[in-house]
Structure formats: structure tokens, C-alpha cells
Amino acid sequence: MNLHSSTLKKLVNNESNQCVSCGLCLPHCPTYRLLKSEADSPRGRINLMNGFVNERIPLNARLIQHMDRCLTCRACEVVCPNNVAYGNLIDSMRALIAVDQPKSVDSPRKLFVINLLKKQLLNKPVRLDRLRGLFHFVQKKGWLRWIRELSNFGNNKLVRFVAQLPLIKFPHVGEVGEKHGKSSLWKEIYPAIKRKRGEVGLFLGCIARLTDVATLNSCIYVLNHLGYTVYVPTDQVCCGAIYQHDGALKEAAVLSRQNKSAFARYDIDAIISTASGCGAQLLESGVTNGRAQIADISQFLIANGEWGDVTLAPLPERILVHEPCSQRNVLREQAYPYKLIELIPGVQAVPLPGNNQCCGAAGTFFLDQPDIADMLLNEKILALEESGVRYLVTSNIGCAMHFSNRMYEDGVRVEVLHPITLLAKQMGLEL
């Protein structure tokens, strides 16, 4: 047993011993509610972890399967009377599996495509920016949807997902919102338009910088119009959450240090995140220069925005709000998106039924465990269909894409967008 494995086993043993097996977490666990299996509950998984590190349970395919089925939604942490750090536990256990896993044991999480993406794109996400033009061209030609129709690829979850992505957009070059130029790459500085009130950094993420440009453009647009200069470090990388939750803790730590260094060059008030999963990872991995705190865009604007001279076009709509697990269970900031969109005259913000349960996206979970992910999404899609609303807002790009892909397949006509995107549209931004 190497030193890394020994340290992890000690951590898992100590933290798992904090669980008193009260079972209060069970009804809050999505996989337990769905599968009715104790081994697929937080209490059951913790007992399995403890049995493994104390050599009572062998590492085999069944043990790994129960760990893989965990969404890391961390709903159990919110209700745990003993404050068990379940997120750290499951990440550490997956790291142990990565270290000690026999070659004969096949884990669904070890997808070749996902590992290839991590090595080639997530470590250097600027490569995604450089692929923007090509991807946009292929989408416009309809080639991705054609590939999806081929019998050899049609049932592949990743192919279906990529084929149904919304049309890839471009970062604005000039003042955000103007039509005089676009580029595949982001500018480093977007100056405040009105009286300067502060300076912030914007975290782009990895996949989001390609698939969620509308949200990032909207974020810059609103911040600029409220008097904030926005810095976008060119050397920022993936937040590391995909690595962290796959047990690749060392790789996640490397990315954290790179991001900390990237933002440390600027004398900024906050590092803004538009994706709650990234925000949670940045916060818990310590990506800050001591002064600039991690802030979700909705929370930052409610706390710091001066709205007296901002004109917002009315929108007399009932809008459903999805609360991502990372925003609800980790950041505990699920109230802010409601407050943000309710700044728009006429908006009635209503919770999406079942917000206390994960939608099934959970990073790459919807690719690794598509059957479970689809079942978790069923109730939410049914609620959307029955609601009659035009808009669903969510603060997590993974959840947004998970919803959008299913709604495309089911023919559900609801627009999914970030709260800041809806706000920017009512401020006059043409997306």
C-alpha cells in the first residue's frame, strides 16, 4: 500500500466513523429513493467504505458500482445531525478505487471518451475556444444530427448529447451586446460602461466556454452596465470538479493551483462563477487571493448591484426555477436566482417541483449512468410539461444541457436559460 493510499484510508476511516447510522439521510438520497437499496444510500455507502478500509469487504465490481451510482449531490450533508462530510468521503473513496482497483474490475466511470476529453481539452480549455468555429460550422451543416441517425452511433449517449447541443455562439469582441465583431477567443478585459464601481474576474469553466457563451456574454454585459470591469484570465483552466468527483484528487489540486495563479494577477473584488458546480469546486478548493472571494453571479448582483437607473423590460410570465444540487446543498444560495429574476417587472418566480432531488446530470453522471439519470429527470420533465411555462431557469450548465437534451427528444417547448441571461435579455442584450 503506497503512502497516498494509506492517507486516504485513514481519512475515510475517521470520517466514516462519524456516521451514527441514524438513517435521516435515506429519504433525501436520489438513488435510494429510486432503487430502494440500502447499499445505494449514504448510510449504506459509508458502511461499505468503512468495511473496505478496514479490510472486511473486498474491492470488487459490486462495491465499485455502488460508489459509481452516487451523484455526489450532497443532499445527505444538509440533513446529517453529525455533520458527516460525505462529499469528501465519496471523493476519497473513489480516489482509493483509482489507486487500488484491479485491472480486471471494469468501472462505468472509466469511460475512454471522458478520459480523452479531460486530457486533451479540460486541462487546456482554450483548445475548446479554438474549436468553436469548426463546431459551429458542423452544426450549421447539420452533420452532427446526421451522424446521430447512423445505427452504429444513434444509441450512444455521448453522440446523442453532442448532436443536440444548441448552436454554438461566439464571445463578443467589442462592447458586449454590440454587433460589430465576434471572435472565437475571449478578451482579457471588458471595461465598465458606466461609473466604475469595482473590478471582478470571470471564471469561464471548460465545457461552458463553448456551450454556454450566451450566459457568459450576459454576465459580462450586466456587470459592465452596473459599473464593473470584468477580467477574463487567458490561462484559467477547468475548475477540476470532474477530476475531483472521479477520484483524481491530485489532478484536481493541480488545476486549482493554476486557477489561483491565473486570478492572482488582478486586484479584483470577486471571482464570479456562472455555474454552481464550478463555484462550489472553486470555493472548496481555495481558489482565492485572500481578498477576492468566490461569488455566484446571482448572489453577487443581489448583494452589490445598484438597480435604480437600470431599465428592465417587463416580462409578465410565470417562470420555473430549477435549484441545482451544488447551489442548494453546497453553496446554500438557492434563494438568489429568484431574487435576481424578480427584478424584472411582471415575473413570477416559482420553484420547479422536486427541487430537493437531483435531476441526474451531476457532472458526467448522465453519461456514466444514463438509465438512472433519465429516471431522475422523468418527474421534472413531467412537471415542466404540466406547467405550461415558457421558461425554465437554472444556474448550472450541466443541468441545463441535461434538461434541454431530454426536452428536445420529447418535443417539450420550454426555453432553458441561466437567470443572468434572462435578466440581460430584458436589459436589451440581443443574444
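## The five-stranded sheet

Two strands count as a pair if DSSP finds at least two bridges between them. Strand β4 (residues 270–273) and β5 clear that bar in this predicted model, pairing in the parallel sense over four bridges. To pick out one spot along the way, Ser273 sits opposite Asp296 in β5.

Zoom out and you get an open sheet of five strands, in the order β1-β3-β2-β4-β5 and with mixed pairing. Its edges are β1 (189–190) and β5 (293–296), each of which pairs on one side only. As background, strands of a sheet pair through backbone hydrogen bonds, and they can do so either parallel or antiparallel.

## Helices on that sheet

Which strands does helix α13 lie across? The helix, residues 213–225, lies across β1, β2 (198–203), β3 (228–231) and β4. Against β3, α13 runs at about 145 degrees. Helix α17 (residues 297–304) packs on the sheet too, touching β2, β3, β4 and β5. The direction of α17 makes about 95 degrees with that of β5.

## An aromatic link

How many aromatic pairs turn up in a search of the whole structure? The search finds two. Take Tyr228 and Phe300: their ring centres are 5.2 Å apart and their planes are at 70 degrees, so this pair is edge-to-face, given that planes over 60 degrees apart get that label. Tyr228 belongs to strand β3 and Phe300 to helix α17, so the pair ties together parts that are 72 residues apart in sequence. Recall that β3 is also among the strands that α17 touches.

## The four-stranded sheet

There's another open sheet further along, this one with four strands in the order β7-β6-β8-β9 and with parallel pairing. Its edge strands are β7 (348–351) and β9 (415–417), and each pairs on one side only. From one strand to the next, the twist averages 30 degrees.

At the β9 end, strand β8 (residues 391–394) and β9 pair in the parallel sense over three bridges. If you want a residue to click on, try Val393, whose bridge partner in β9 is Leu417.

## Cavities

Now for the empty space. Rolling a probe the size of a water molecule over the atoms shows where such space is left. Here the count comes to six cavities of 30 Å³ or more, and the largest has a volume of about 150 Å³.

What lines the largest cavity? It has 18 lining residues, with Cys19, Cys25, Ile46, Cys80 and Val84 lying nearest its centre. Helices α3 (42–53) and α5 (75–79) each supply at least two residues of this lining, and the largest share, three residues, comes from α3. By class, the lining of the largest cavity has twelve nonpolar, four polar and two charged residues.

Definitions and conventions:
Residues numbered from 1 in each chain as written. Predicted model: local features only at pLDDT ≥ 70, side-chain atom pairs only at ≥ 80, totals over all residues. Heavy atoms only, no water. Contact = heavy atoms within 4.5 Å. Axes fitted to C-alpha atoms, helices over the stretch in contact; angles between N-to-C directions. 1 Å grid on protein atoms, 1.4 Å probe; cavity = no way out; pocket = protein on both sides within 12 Å on 5 of 7 lines; lining within 4 Å. Points joined across faces, edges and corners; volume = space filled by probe spheres on them. Nonpolar A, V, L, I, M, F, W, Y, C, P; charged D, E, K, R; others polar. Phe/Tyr/Trp six-rings, centres within 6.5 Å; stacked < 30°, edge-to-face > 60°.
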